[in-house]
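Work through the following exercises with the sequence and the coordinates open beside you, and try each task before reading its solution.

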Amino acid sequence: NGNWVPVRFGTIVRRETKELSSEQPLIGISFMSTNEVQETLKELSDPSIPRTRLVVVSADLFAYQPILRGLQLMDEVPFKHEIVLAQPSLPAEEPTVAVPSALERQVNSLDSAQRSALDKALSDRVALIQGPPGTGKTYIGVLLARILLESTRDTMLVVTYTNHALDDFLEDLLEAGITGIVRMGGRSRNERISEYNLRELARSDKSSPFSRCQNRRFAQLKGEIEEAEKDIVRLERIIRREVGASWWNRIEPHLIDNHRESWEQLRVSSSDIEDGEGFRVQGISGEDHLWKCWLKNKKPPPTLRERARGHLWNLSAEDRRKQKLVWQHEMYESERSEMA
């Protein structure tokens with residue numbers, strides 16, 4: 001009827017053209033909590049629930065959710081003086097960095113606003129450089145990186161809002177002769193940057209920036225990821241199976257533990273199958289006979305009709321299907337938890 005409520009929000013983390021064009025399109029979605037993953041798996045694997053609708057929402061509000069969640073987990077906000085209290089920046093903890101002689105000519109060619117921005121970035125612990133397009137923000141950023149890298153032995157972390165912006169900045173660093181780069185994360189479309197990707201560097205034998213111990217750890221983590229992927233495929237196959245007529249030996253233990261009254265209405269004991277003299281009772285195929293009759297909406301044999309008088313036998317064929325799916329989802333709860 002058009003009335004639907006968004007249940008949870010996820011972030012698209014994998015969107016490959018080849019996978020999207022396959023017979024069964026694939027897309028990667030990341031949720032903020034394990035519980036959200038479990039609930040989503042439950043909905044997607046439950047045929048009794050109306051088809052789940054995935055809606056792509058382009059809104060900056062949701063992009064900030066991971067950042068806000070991360071802040072909630074922190075005891076104290078870094079740079080609280082500047083970011084939270086909005087006070088002028090405190091001086092940098094390290095002494096002011098001197099401009100290397102090789103870069104003095106570039107620094108001296110800056111206009112007054114650019115020079116002021118560079119000086120603030122070198123002397124304050126927090127610096128915000130902003131301006132319209134074409135005013136030299138990226139140029140100042142690259143120059144700042146060169147000064148810091150040539151004047152200190154520190155490692156620099158470059159963080160951008162988008163993958164595209166990161167690749168553009170790293171390409172500018174390469175143009176400036178800075179090649180000691182390790183790009184974290186995927187979804188880079190820049191071929192020049194691809195060789196500096198963490199995965200590619202770990203695969204390369206020549207001049208790897210990682211120690212032998214780090215390479216071992218990376219290989220270990222890669223192996224764990226591959227094992228997790230195999231487990232996910234195995235678990236996915238399990239939770240997609242639908243409980244059927246031949247499942248009595250699996251569903252009976254679940255009913256005994258969790259739905260005793262329902263089990264009493266479906267059970268068939270050995271004394272029901274054979275009489276006291278060892279002769280087989282006509283019309284009863286085995287211990288799953290009532291289960292099969294109930295699933296197929298058939299009447300039980302005369303000898304078992306007294307037992308089949310409970311609420312289960314008053315359900316319509318559609319309601320029986322829905323009840324079976326409820327039990328099926330209960331049985332797969334541990335598999336969904338493991339997959340999440």
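**Exercise 1: a helix and its buried residues**

Task: In this predicted model, identify buried residues of helix H12, find what they pack against, and check the length of the helix.

Solution. Begin with burial, for which the cut-off is under 20% relative accessible area: in H12, Leu 235, Ile 238 and Ile 239 are buried. Next, look for the partner of the buried residues of H12, which is helix H18, spanning residues 333–339. Finally, test the geometry: helix H12 covers residues 212–240, and because each residue should contribute 1.5 Å, its 29 residues should span 42 Å, a value with which the 42 Å between its end C-alpha atoms agrees.

**Exercise 2: positive phi outside glycine**

Task: For Phe 79 and Ala 86, determine the phi angle, the place of each residue in the chain, and whether each is buried, partly exposed or exposed.

Solution. Take Phe 79 to begin with, whose phi is positive at about 55° although the residue is not a glycine. Phe 79 sits in the loop that runs between helix H4 (65–72) and helix H5 (80–83). Its relative accessible area is 38%, and so Phe 79 is classed as partly exposed. Turning to Ala 86, phi is again positive in a residue other than glycine, with a value near 55°. The loop that holds Ala 86 lies between H5 and helix H6 (104–108). Since the relative accessibility of Ala 86 is 62%, this residue counts as exposed.

**Exercise 3: the surroundings of a glutamine**

Task: Why does Gln 265 count as buried or exposed, and which residues does Gln 265 touch beyond four places in sequence?

Solution. Locate Gln 265 in helix H14, which comprises residues 260–266. The relative accessible area of Gln 265 is 5%, and therefore the residue is buried. Leaving out residues up to four places away in sequence, Gln 265 touches Leu 290, Arg 307, Ala 308, Gly 310, His 311, Leu 312 and Trp 313. For Leu 312 the atoms can be specified further, as a polar atom of the Gln 265 side chain lies 3.1 Å from the backbone nitrogen of Leu 312.

**Exercise 4: a loop residue**

Task: Where does Glu 195 lie, and which residues is Glu 195 in contact with once neighbours within four places in sequence are left aside?

Solution. Glu 195 belongs to the loop between helix H10 (191–194) and helix H11 (198–203). With those neighbours left aside, Glu 195 is in contact with Glu 200 and Leu 201. As a further distance, the C-alpha atoms of Glu 195 and Tyr 139 are separated by 23 Å, the two residues being 56 residues apart along the chain.

Note on methods
Residues are numbered from 1 along each chain as its sequence is written. This is a predicted model: local features need pLDDT of at least 70, side-chain atom pairs count only at pLDDT 80 or more; totals for chains, interfaces and linings use all residues. Side-chain values use heavy atoms; hydrogens and water are left out. Helices (H or I, at least four residues) and strands (E, at least two) are DSSP runs, numbered from the N terminus. Contact means heavy atoms within 4.5 Å. The expected span of a helix is 1.5 Å times one less than its number of residues. Buried means under 20% relative accessible area, exposed over 50%, partly exposed in between (1.4 Å probe, protein chains only). A polar contact is a pair of N or O atoms within 3.5 Å; within protein, one must be able to donate a hydrogen and the other to accept it, and residues adjacent in sequence count only if both atoms are side-chain atoms.
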